[in-house]
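Reader: I would like to go through this model step by step. Please show the sequence and structure, and then I will ask.

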Amino acid sequence: MQKKIDTVLLIDDDEITNFLNHLTIDRLHIAKQIDAVRNGEQAINYLKKRIQERKAPPSLIFLDINMPLMDGWQFITAYKKLKQELAYLPVIVMLSSTNNPDDHDRAEKIEEIAYFKQKPLTAEVIQELISLIPIRLNSLEDKV
Amino acid sequence: MKYYMVIEDDDIDILIIERMIKMVETSINSVTFKDGEAAINFLQEILNRQVIKPEFILLDLMMPIVNGFEFLEMYEKLIYPFMSEVPVIILTTSLHADDKEIAMSYSFVKEFILKPLDRNKILEFV
């Protein structure tokens with residue numbers, strides 16, 4: 001059976017990128033829900049709302065680096081402060097549009113960032129990531 | 001996910017188009033582009049990623065960078081041969097007979113609609 005996760009959160013200021021990533025994930029049928037926000041601040045508010053409403057956080061987060069208001073790095077700083085309130089920790093994948101090795105090194109030193117990948121986000125990369133994500137009990141129940 | 005493309009540089013027009021289509025068909029999403037070039041880039045990415053194609057494309061003729069006519073040329077050469085038929089619907093204020101003739105000469109252009117959009121016009125293509 002195809003492995004399925006609950007929610008994927010896309011964080012990117014480019015609406016078209018979010019839309020294309022949404023279509024790519026949609027085609028793979030691996031997520032029940034795909035949400036998108038435009039910057040780190042919106043993403044933090046999204047997670048806070050999930051906590052308030054006692055909803056599970058997304059299983060997988062794709063995080064862009066360069067964004068207005070709150071970029072990918074600033075998001076991680078804010079995320080560190082609220083992560084203990086989450087029911088479980090999402091797998092965060094940072095997406096880079098440049099080949100800047102400094103970004104890669106910086107991301108590797110941050111424990112909250114599980115993976116660092118180059119854009120564009122391909123179906124192959126998504127499938128590889130999904131295979132690495134633990135299936136949670138709530139997902140298993142849905143399969144019965 | 002069902003979606004359509006809007007290629008239109010006017011924000012108010014985009015808002016009207018999205019609202020009116022939503023009233024006729026609630027289960028369809030829109031993705032908007034302010035010029036033809038951005039739309040062509042998107043369509044090429046759709047082909048590269050082999051993801052679901054749009055239901056239809058709404059195209060304004062007067063736009064910056066790559067205008068509607070240039071878009072039609074590029075679409076015919078770069079996209080249409082590789083994507084099974086996605087109709088293009090022209091939405092314009094142009095009353096020039098020439099404009100209509102040129103646009104309708106492309107086999108994938110299915111309608112030439114004068115703004116403002118109304119429910120009956122939408123039902124022609126949704």
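Reader: Is F42(B) buried or exposed, and at what relative accessible area?
Author: This is a predicted model. Buried means under 20% relative accessible area. F42(B) falls under that cut-off, so it is buried, at 1%.

Reader: Which residue forms an aromatic pair with F42(B) that is edge-to-face?
Author: The centres lie 6.3 Å apart, with 90° between the planes. Planes over 60 degrees apart count as edge-to-face. The partner is buried, with a relative accessible area of 0%. That partner is Y3(B).

Reader: How many residues apart in sequence are the parts that this pair ties together?
Author: Y3(B) lies in strand β1 of chain B. F42(B) lies in helix α2 (residues 36-49) of chain B. The pair therefore ties together parts that are 39 residues apart.

Reader: Which strands of chain B stand at the edges of the sheet?
Author: Five strands form an open, parallel sheet in the order β2-β1-β3-β4-β5. Each edge strand has a single partner, so one side is left without a neighbour in the sheet. The edge strands are β2 (29-33) and β5 (109-114).

Reader: What angle does helix α1 of chain B make with β1(B)?
Author: This helix, residues 11-24, packs on the sheet. It touches β1, β2, β3 (57-59) and β4 (88-92) of chain B. Its direction makes about 155° with that of β1(B).

Reader: Which residue of chain A has its ring under the charged end of R106(A)?
Author: The charged end sits over the ring, 4.1 Å from its centre. The ring belongs to W73(A).

Methods
Residues numbered from 1 in each chain as written. Chains lettered and ligands numbered in written order. Predicted model: local features only at pLDDT ≥ 70, side-chain atom pairs only at ≥ 80, totals over all residues. Heavy atoms only, no water. Pairing = 2+ DSSP bridges. Helix = DSSP H or I, 4+ residues; strand = E, 2+ residues; numbered from the N terminus. Contact = heavy atoms within 4.5 Å. Axes fitted to C-alpha atoms, helices over the stretch in contact; angles between N-to-C directions. Phe/Tyr/Trp six-rings, centres within 6.5 Å; stacked < 30°, edge-to-face > 60°. Buried < 20%, exposed > 50% of the residue type's maximum accessible area, 1.4 Å probe, protein only. Lys NZ or Arg CZ within 6 Å of the ring centre and 35° of its normal.
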